[in-house]
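Colleague: I've got this one open in the viewer and would like a close look at a single part of it. Could you take me through the sheet in the second chain, and then whatever lies around it?

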Amino acid sequence: MNIGARLREVRILRGISLRNLARKVGVSASFISQVEQNKCQPSLETLRKISEVLEVNTSYLLEPQDYELAPSKEVVEIRLPNRLRYLSTLADFLKSVCQKNGVPTEDIEDILVAVDEASTNVIKYAYQVGPLNYFKVRVSLDRDLVQIDVLDRGKRFNPLENPPRSKNKPSGDEEDLGIGIYVMKKVMDDIRYRYSPNEGNHLTLIKRIFQSKGRGQ
Amino acid sequence: MKIEVIDTQRNDIHLVKLEGRLDANFSSQLEDEIDRVLEQKTKSIILDLSEVTYLSSSGLRVLLAINKETERDGGLVLINLPGIVKRVIEVAELKDYLTQADTLEEAMALLEAQRQVKGTSS
(Lines give C-alpha, C1' and ligand atoms only; values in the text may rest on other atoms or scores of the structure.)
Protein backbone atom coordinates (compact mmCIF):
# COMPACT_ATOMS: atom_id res chain seq x y z
CA MET A 1 0.00 0.00 0.00
CA ASN A 2 1.37 3.36 -1.05
CA ILE A 3 -0.18 6.01 1.20
CA GLY A 4 2.66 8.44 0.52
CA ALA A 5 2.21 8.74 -3.23
CA ARG A 6 -1.54 9.00 -2.94
CA LEU A 7 -1.33 11.61 -0.19
CA ARG A 8 1.07 13.70 -2.25
CA GLU A 9 -1.20 13.45 -5.30
CA VAL A 10 -4.28 14.62 -3.41
CA ARG A 11 -2.40 17.37 -1.58
CA ILE A 12 -1.08 18.81 -4.86
CA LEU A 13 -4.49 18.47 -6.49
CA ARG A 14 -5.95 20.52 -3.65
CA GLY A 15 -3.16 23.07 -3.94
CA ILE A 16 -2.07 22.79 -0.31
CA SER A 17 1.59 23.14 0.64
CA LEU A 18 3.38 20.71 2.97
CA ARG A 19 3.68 23.39 5.63
CA ASN A 20 0.04 24.42 5.30
CA LEU A 21 -1.22 20.84 5.59
CA ALA A 22 1.09 20.17 8.55
CA ARG A 23 -0.13 23.28 10.36
CA LYS A 24 -3.79 22.34 9.85
CA VAL A 25 -3.21 18.77 10.97
CA GLY A 26 -1.02 19.80 13.91
CA VAL A 27 2.18 18.00 12.94
CA SER A 28 5.50 19.15 11.48
CA ALA A 29 6.06 19.67 7.77
CA SER A 30 8.95 17.23 7.81
CA PHE A 31 6.63 14.57 9.21
CA ILE A 32 4.17 15.00 6.31
CA SER A 33 7.12 14.94 3.93
CA GLN A 34 8.33 11.67 5.42
CA VAL A 35 4.84 10.18 5.16
CA GLU A 36 4.72 11.16 1.50
CA GLN A 37 8.03 9.35 0.96
CA ASN A 38 6.67 6.33 2.83
CA LYS A 39 9.44 6.76 5.37
CA CYS A 40 7.00 6.68 8.24
CA GLN A 41 3.39 5.78 8.91
CA PRO A 42 0.87 8.25 10.33
CA SER A 43 -1.33 7.17 13.23
CA LEU A 44 -4.99 6.54 12.44
CA GLU A 45 -5.88 9.77 14.21
CA THR A 46 -3.42 11.80 12.12
CA LEU A 47 -4.60 10.10 8.94
CA ARG A 48 -8.18 11.01 9.84
CA LYS A 49 -7.16 14.66 10.29
CA ILE A 50 -5.26 14.67 7.01
CA SER A 51 -8.32 13.28 5.22
CA GLU A 52 -10.44 15.98 6.79
CA VAL A 53 -8.16 18.80 5.67
CA LEU A 54 -7.84 17.38 2.16
CA GLU A 55 -11.58 16.68 1.99
CA VAL A 56 -11.02 13.12 0.94
CA ASN A 57 -12.32 9.86 2.31
CA THR A 58 -9.73 8.16 4.55
CA SER A 59 -10.25 4.91 2.68
CA TYR A 60 -9.15 6.64 -0.52
CA LEU A 61 -5.71 7.24 0.98
CA LEU A 62 -5.54 3.64 2.17
CA GLU A 63 -6.99 1.85 -0.84
CA PRO A 64 -6.55 4.05 -3.83
CA GLN A 65 -7.27 1.53 -6.59
CA ASP A 66 -11.01 1.21 -6.49
CA TYR A 67 -12.16 4.47 -5.05
CA GLU A 68 -13.27 7.45 -7.05
CA LEU A 69 -11.83 10.75 -5.86
CA ALA A 70 -14.37 13.51 -5.70
CA PRO A 71 -12.67 16.27 -7.69
CA SER A 72 -12.38 19.67 -6.08
CA LYS A 73 -13.66 21.20 -9.29
CA GLU A 74 -16.77 20.01 -11.06
CA VAL A 75 -16.93 20.80 -14.73
CA VAL A 76 -20.15 20.97 -16.74
CA GLU A 77 -20.21 21.61 -20.44
CA ILE A 78 -22.78 22.44 -23.10
CA ARG A 79 -22.32 22.48 -26.88
CA LEU A 80 -24.61 24.75 -28.86
CA PRO A 81 -25.24 25.64 -32.52
CA ASN A 82 -24.23 29.14 -33.67
CA ARG A 83 -27.81 30.36 -33.63
CA LEU A 84 -29.09 33.23 -31.50
CA ARG A 85 -32.21 31.33 -30.50
CA TYR A 86 -30.04 29.07 -28.32
CA LEU A 87 -29.04 32.00 -26.09
CA SER A 88 -32.07 31.29 -23.90
CA THR A 89 -31.16 27.59 -23.73
CA LEU A 90 -27.70 28.62 -22.56
CA ALA A 91 -29.16 30.91 -19.89
CA ASP A 92 -31.39 28.12 -18.55
CA PHE A 93 -28.41 25.75 -18.45
CA LEU A 94 -26.15 28.21 -16.61
CA LYS A 95 -28.85 29.11 -14.12
CA SER A 96 -29.53 25.47 -13.33
CA VAL A 97 -25.85 24.56 -12.88
CA CYS A 98 -25.15 27.59 -10.68
CA GLN A 99 -28.25 27.06 -8.54
CA LYS A 100 -27.34 23.42 -7.93
CA ASN A 101 -24.03 24.63 -6.56
CA GLY A 102 -25.39 27.33 -4.31
CA VAL A 103 -24.08 30.31 -6.27
CA PRO A 104 -25.83 33.44 -4.90
CA THR A 105 -28.63 34.83 -7.11
CA GLU A 106 -26.86 38.15 -7.72
CA ASP A 107 -23.74 36.37 -8.93
CA ILE A 108 -25.85 34.11 -11.17
CA GLU A 109 -27.35 37.23 -12.79
CA ASP A 110 -23.88 38.61 -13.48
CA ILE A 111 -22.76 35.29 -14.94
CA LEU A 112 -25.83 35.12 -17.21
CA VAL A 113 -25.17 38.67 -18.44
CA ALA A 114 -21.47 38.08 -19.20
CA VAL A 115 -21.88 34.68 -20.86
CA ASP A 116 -24.81 35.93 -22.94
CA GLU A 117 -22.72 38.83 -24.24
CA ALA A 118 -19.73 36.56 -24.91
CA SER A 119 -21.85 33.99 -26.74
CA THR A 120 -23.68 36.63 -28.76
CA ASN A 121 -20.26 37.81 -29.93
CA VAL A 122 -19.25 34.26 -30.84
CA ILE A 123 -22.36 33.82 -32.99
CA LYS A 124 -22.39 37.30 -34.52
CA TYR A 125 -18.70 38.08 -34.94
CA ALA A 126 -16.61 34.89 -34.75
CA TYR A 127 -19.05 32.81 -36.81
CA GLN A 128 -20.88 35.78 -38.39
CA VAL A 129 -23.94 33.55 -38.00
CA GLY A 130 -23.02 31.71 -41.25
CA PRO A 131 -23.35 27.96 -41.85
CA LEU A 132 -24.19 25.64 -38.98
CA ASN A 133 -21.35 25.38 -36.50
CA TYR A 134 -20.94 24.83 -32.81
CA PHE A 135 -19.47 26.52 -29.77
CA LYS A 136 -18.87 25.19 -26.28
CA VAL A 137 -19.52 26.73 -22.89
CA ARG A 138 -17.71 25.03 -20.02
CA VAL A 139 -18.54 25.87 -16.41
CA SER A 140 -16.01 24.99 -13.71
CA LEU A 141 -17.18 25.35 -10.16
CA ASP A 142 -14.82 25.85 -7.32
CA ARG A 143 -15.54 26.79 -3.76
CA ASP A 144 -14.98 30.50 -4.22
CA LEU A 145 -15.23 31.05 -7.93
CA VAL A 146 -17.07 30.13 -11.08
CA GLN A 147 -15.01 29.93 -14.24
CA ILE A 148 -16.72 29.94 -17.61
CA ASP A 149 -14.81 29.06 -20.75
CA VAL A 150 -16.37 29.92 -24.10
CA LEU A 151 -14.75 28.06 -26.99
CA ASP A 152 -15.43 28.39 -30.70
CA ARG A 153 -13.73 27.63 -34.02
CA GLY A 154 -14.81 30.81 -35.76
CA LYS A 155 -12.84 33.78 -37.00
CA ARG A 156 -10.34 35.22 -34.53
CA PHE A 157 -12.29 37.60 -32.32
CA ASN A 158 -10.80 39.15 -29.21
CA PRO A 159 -13.39 41.20 -27.30
CA LEU A 160 -10.65 42.67 -25.10
CA GLU A 161 -9.07 44.36 -28.12
CA ASN A 162 -12.27 46.12 -29.10
CA PRO A 163 -12.04 49.92 -28.96
CA PRO A 164 -13.70 51.60 -25.95
CA ARG A 165 -17.20 53.07 -26.13
CA SER A 166 -17.61 56.51 -27.60
CA LYS A 167 -18.20 59.32 -25.15
CA ASN A 168 -21.04 60.76 -27.24
CA LYS A 169 -24.65 60.46 -26.28
CA PRO A 170 -25.59 56.87 -27.15
CA SER A 171 -27.96 56.88 -30.11
CA GLY A 172 -28.50 53.21 -30.81
CA ASP A 173 -26.63 53.64 -34.10
CA GLU A 174 -23.48 52.75 -32.28
CA GLU A 175 -22.88 49.02 -32.41
CA ASP A 176 -24.08 47.28 -29.29
CA LEU A 177 -20.73 45.46 -29.27
CA GLY A 178 -19.02 48.21 -27.27
CA ILE A 179 -21.75 48.31 -24.63
CA GLY A 180 -21.81 44.51 -24.41
CA ILE A 181 -18.09 44.20 -23.82
CA TYR A 182 -18.15 47.07 -21.34
CA VAL A 183 -20.91 45.34 -19.36
CA MET A 184 -19.17 41.96 -19.57
CA LYS A 185 -15.94 43.36 -18.13
CA LYS A 186 -17.78 45.16 -15.37
CA VAL A 187 -19.74 42.19 -14.03
CA MET A 188 -16.79 39.74 -14.10
CA ASP A 189 -13.72 39.73 -11.87
CA ASP A 190 -11.35 38.64 -14.60
CA ILE A 191 -11.48 37.97 -18.35
CA ARG A 192 -8.77 36.29 -20.39
CA TYR A 193 -8.57 35.61 -24.09
CA ARG A 194 -6.37 33.38 -26.16
CA TYR A 195 -6.42 32.18 -29.72
CA SER A 196 -4.74 29.38 -31.55
CA PRO A 197 -5.32 28.32 -35.16
CA ASN A 198 -6.00 24.77 -33.99
CA GLU A 199 -8.35 25.50 -31.13
CA GLY A 200 -9.87 28.80 -32.20
CA ASN A 201 -11.13 31.43 -29.77
CA HIS A 202 -10.97 30.73 -26.06
CA LEU A 203 -12.48 33.27 -23.71
CA THR A 204 -12.27 32.68 -19.96
CA LEU A 205 -14.60 34.53 -17.60
CA ILE A 206 -13.99 34.44 -13.86
CA LYS A 207 -16.53 35.35 -11.20
CA ARG A 208 -15.57 35.22 -7.54
CA ILE A 209 -18.40 34.16 -5.27
CA PHE A 210 -19.28 33.90 -1.60
CA GLN A 211 -17.54 37.17 -0.89
CA SER A 212 -19.14 39.87 1.18
CA LYS A 213 -18.68 42.79 -1.13
CA GLY A 214 -20.90 45.49 -2.53
CA ARG A 215 -22.22 45.03 -6.03
CA GLY A 216 -19.79 46.40 -8.59
CA GLN A 217 -20.01 50.10 -9.16
CA MET B 1 -40.45 37.17 -26.67
CA LYS B 2 -43.98 38.51 -26.94
CA ILE B 3 -44.77 42.04 -28.07
CA GLU B 4 -48.19 43.49 -27.38
CA VAL B 5 -49.20 46.92 -28.61
CA ILE B 6 -51.92 48.50 -26.50
CA ASP B 7 -53.78 51.67 -27.43
CA THR B 8 -53.91 54.40 -24.86
CA GLN B 9 -56.61 57.06 -24.81
CA ARG B 10 -54.23 59.34 -26.64
CA ASN B 11 -53.60 58.43 -30.25
CA ASP B 12 -50.09 59.84 -30.23
CA ILE B 13 -48.95 57.58 -27.37
CA HIS B 14 -48.71 53.83 -27.60
CA LEU B 15 -48.12 51.42 -24.77
CA VAL B 16 -46.02 48.43 -25.77
CA LYS B 17 -45.82 45.50 -23.41
CA LEU B 18 -42.87 43.14 -23.77
CA GLU B 19 -42.62 39.64 -22.40
CA GLY B 20 -39.61 37.32 -22.22
CA ARG B 21 -35.93 37.74 -22.99
CA LEU B 22 -34.85 40.92 -24.72
CA ASP B 23 -31.60 39.50 -26.12
CA ALA B 24 -29.82 39.48 -29.49
CA ASN B 25 -32.30 36.95 -30.81
CA PHE B 26 -35.31 39.23 -30.32
CA SER B 27 -33.89 42.71 -30.64
CA SER B 28 -34.49 42.96 -34.40
CA GLN B 29 -38.04 41.69 -34.00
CA LEU B 30 -38.71 44.41 -31.45
CA GLU B 31 -37.14 47.04 -33.68
CA ASP B 32 -39.39 46.04 -36.60
CA GLU B 33 -42.49 46.08 -34.43
CA ILE B 34 -41.70 49.51 -32.99
CA ASP B 35 -41.00 50.85 -36.50
CA ARG B 36 -44.48 49.71 -37.52
CA VAL B 37 -45.99 51.49 -34.53
CA LEU B 38 -44.05 54.68 -35.29
CA GLU B 39 -45.26 54.70 -38.90
CA GLN B 40 -48.68 55.60 -37.54
CA LYS B 41 -49.45 58.84 -35.78
CA THR B 42 -47.60 57.65 -32.72
CA LYS B 43 -45.00 60.02 -31.41
CA SER B 44 -44.33 58.57 -27.99
CA ILE B 45 -43.85 55.06 -26.73
CA ILE B 46 -44.25 53.72 -23.24
CA LEU B 47 -42.56 50.35 -22.84
CA ASP B 48 -43.92 48.11 -20.10
CA LEU B 49 -41.02 45.82 -19.12
CA SER B 50 -42.69 44.07 -16.18
CA GLU B 51 -42.56 40.67 -17.90
CA VAL B 52 -39.07 41.03 -19.35
CA THR B 53 -36.79 38.38 -17.85
CA TYR B 54 -33.51 39.51 -19.37
CA LEU B 55 -31.99 42.47 -21.18
CA SER B 56 -28.72 42.27 -23.11
CA SER B 57 -26.68 44.94 -24.88
CA SER B 58 -28.56 44.12 -28.11
CA GLY B 59 -31.83 44.96 -26.37
CA LEU B 60 -30.29 48.11 -24.93
CA ARG B 61 -29.25 49.21 -28.39
CA VAL B 62 -32.88 48.95 -29.58
CA LEU B 63 -34.09 50.99 -26.59
CA LEU B 64 -31.54 53.68 -27.44
CA ALA B 65 -32.64 53.63 -31.09
CA ILE B 66 -36.31 54.10 -30.11
CA ASN B 67 -35.20 56.88 -27.82
CA LYS B 68 -33.52 58.68 -30.68
CA GLU B 69 -36.36 58.15 -33.09
CA THR B 70 -39.01 59.54 -30.76
CA GLU B 71 -36.83 62.28 -29.31
CA ARG B 72 -37.90 65.08 -31.67
CA ASP B 73 -41.69 64.99 -31.33
CA GLY B 74 -42.33 62.78 -28.37
CA GLY B 75 -40.36 60.43 -26.18
CA LEU B 76 -39.76 56.98 -24.77
CA VAL B 77 -40.54 56.07 -21.18
CA LEU B 78 -39.80 52.69 -19.60
CA ILE B 79 -42.11 51.44 -16.87
CA ASN B 80 -42.16 48.50 -14.43
CA LEU B 81 -38.50 47.57 -14.72
CA PRO B 82 -37.55 44.24 -13.11
CA GLY B 83 -34.35 44.11 -11.03
CA ILE B 84 -32.19 42.44 -13.68
CA VAL B 85 -33.20 45.02 -16.29
CA LYS B 86 -32.43 47.91 -13.92
CA ARG B 87 -29.09 46.32 -13.11
CA VAL B 88 -28.03 45.99 -16.76
CA ILE B 89 -29.01 49.61 -17.53
CA GLU B 90 -27.05 50.74 -14.48
CA VAL B 91 -23.94 48.68 -15.24
CA ALA B 92 -24.00 49.94 -18.83
CA GLU B 93 -24.19 53.49 -17.42
CA LEU B 94 -27.21 54.34 -19.54
CA LYS B 95 -29.53 55.34 -16.72
CA ASP B 96 -29.34 59.02 -17.65
CA TYR B 97 -30.34 58.36 -21.24
CA LEU B 98 -33.38 56.15 -20.67
CA THR B 99 -36.35 57.78 -18.95
CA GLN B 100 -37.96 55.55 -16.33
CA ALA B 101 -41.27 55.82 -14.49
CA ASP B 102 -43.00 53.67 -11.91
CA THR B 103 -46.49 53.69 -13.35
CA LEU B 104 -48.33 54.25 -16.61
CA GLU B 105 -49.89 57.44 -15.23
CA GLU B 106 -46.51 58.80 -14.25
CA ALA B 107 -45.15 57.97 -17.69
CA MET B 108 -48.06 59.77 -19.38
CA ALA B 109 -47.49 62.80 -17.16
CA LEU B 110 -43.76 62.83 -18.00
CA LEU B 111 -44.49 62.71 -21.73
CA GLU B 112 -47.07 65.50 -21.38
CA ALA B 113 -44.55 67.67 -19.55
CA GLN B 114 -41.92 66.97 -22.22
CA ARG B 115 -44.40 67.82 -24.96
CA GLN B 116 -45.14 71.18 -23.40
CA VAL B 117 -41.47 72.01 -23.05
CA LYS B 118 -40.84 71.06 -26.69
CA GLY B 119 -43.96 72.96 -27.78
CA THR B 120 -42.81 76.23 -26.25
CA SER B 121 -39.27 75.93 -27.55
CA SER B 122 -40.26 75.41 -31.19
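Modeller: Sure, and keep in mind that this is a predicted model. The sheet in chain B is an open one of 5 strands, running in the order β1-β2-β3-β4-β5 with mixed pairing. At its edges sit β1 (2-7) and β5 (99-101) of chain B, each of which pairs on one side only. Going from one strand to the next, the twist averages 25°.

Start at the β1 edge. There β1(B) runs antiparallel to β2 (residues 13-22) of chain B, and the two share 6 bridges. If you want a pair to click on, take B:Ile6, whose bridge partner in β2(B) is B:Leu15. Now look at what packs on the sheet: helix α1 (residues 24-39) of chain B touches β1, β2 and β3 (44-55) of chain B. The direction of α1(B) makes about 170° with that of β2(B).

That helix also takes you to the other chain. Along with α2 (57-70) and α3 (83-91) of chain B, α1(B) is among the elements giving two or more residues to the side that touches chain A. In total, 22 residues of chain B are in contact with 22 residues of chain A. The biggest giver on the chain B side is α2(B), with 9 residues. Sorted by class, that side of chain B has 12 nonpolar, 5 polar and 5 charged residues.

While you're on α3 of chain B, pick out B:Ile89, which is found in that helix. Is B:Ile89 buried or exposed? It's buried, because 21 other C-beta atoms lie within 10 Å and the cut-off for buried is 20 or more. Leaving aside residues up to four places away in sequence, B:Ile89 touches B:Leu94, B:Lys95 and B:Leu98. For a sense of distance, the C-alpha atom of B:Ile89 is separated by 15 Å from that of B:Asp48, 41 residues apart along the chain.

Since chain A is the partner, here's a quick stop there too. In helix α2 (residues 18-25) of chain A, the buried residues are A:Leu21, A:Ala22 and A:Val25. They're on the same side of α2(A), because they cover an arc of only 100° around the axis. Their cover includes α1 (3-14), α3 (29-36) and α4 (44-54) of chain A. Right after α2(A) comes A:Gly26, with a positive phi near 90°.

How values were computed. Residues are numbered from 1 along each chain as its sequence is written. Chains are lettered from A and ligands numbered from 1 in the order in which they are written. This is a predicted model: local features need pLDDT of at least 70, side-chain atom pairs count only at pLDDT 80 or more; totals for chains, interfaces and linings use all residues. Two strands pair if DSSP finds at least two bridges between them. Helices (H or I, at least four residues) and strands (E, at least two) are DSSP runs, numbered from the N terminus. Axes are lines fitted to C-alpha atoms, for helices over the stretch in contact, and angles run from 0 to 180 degrees between N-to-C directions. Two residues are in contact if their C-beta atoms, placed from the backbone, lie within 7 Å. Ala, Val, Leu, Ile, Met, Phe, Trp, Tyr, Cys and Pro count as nonpolar, Asp, Glu, Lys and Arg as charged, and the others, Gly among them, as polar. A residue is buried if 20 or more other C-beta atoms lie within 10 Å of its own, exposed if 12 or fewer, and partly exposed in between; C-beta atoms are placed from the backbone. The arc is that of the directions from the helix axis to the C-beta atoms.
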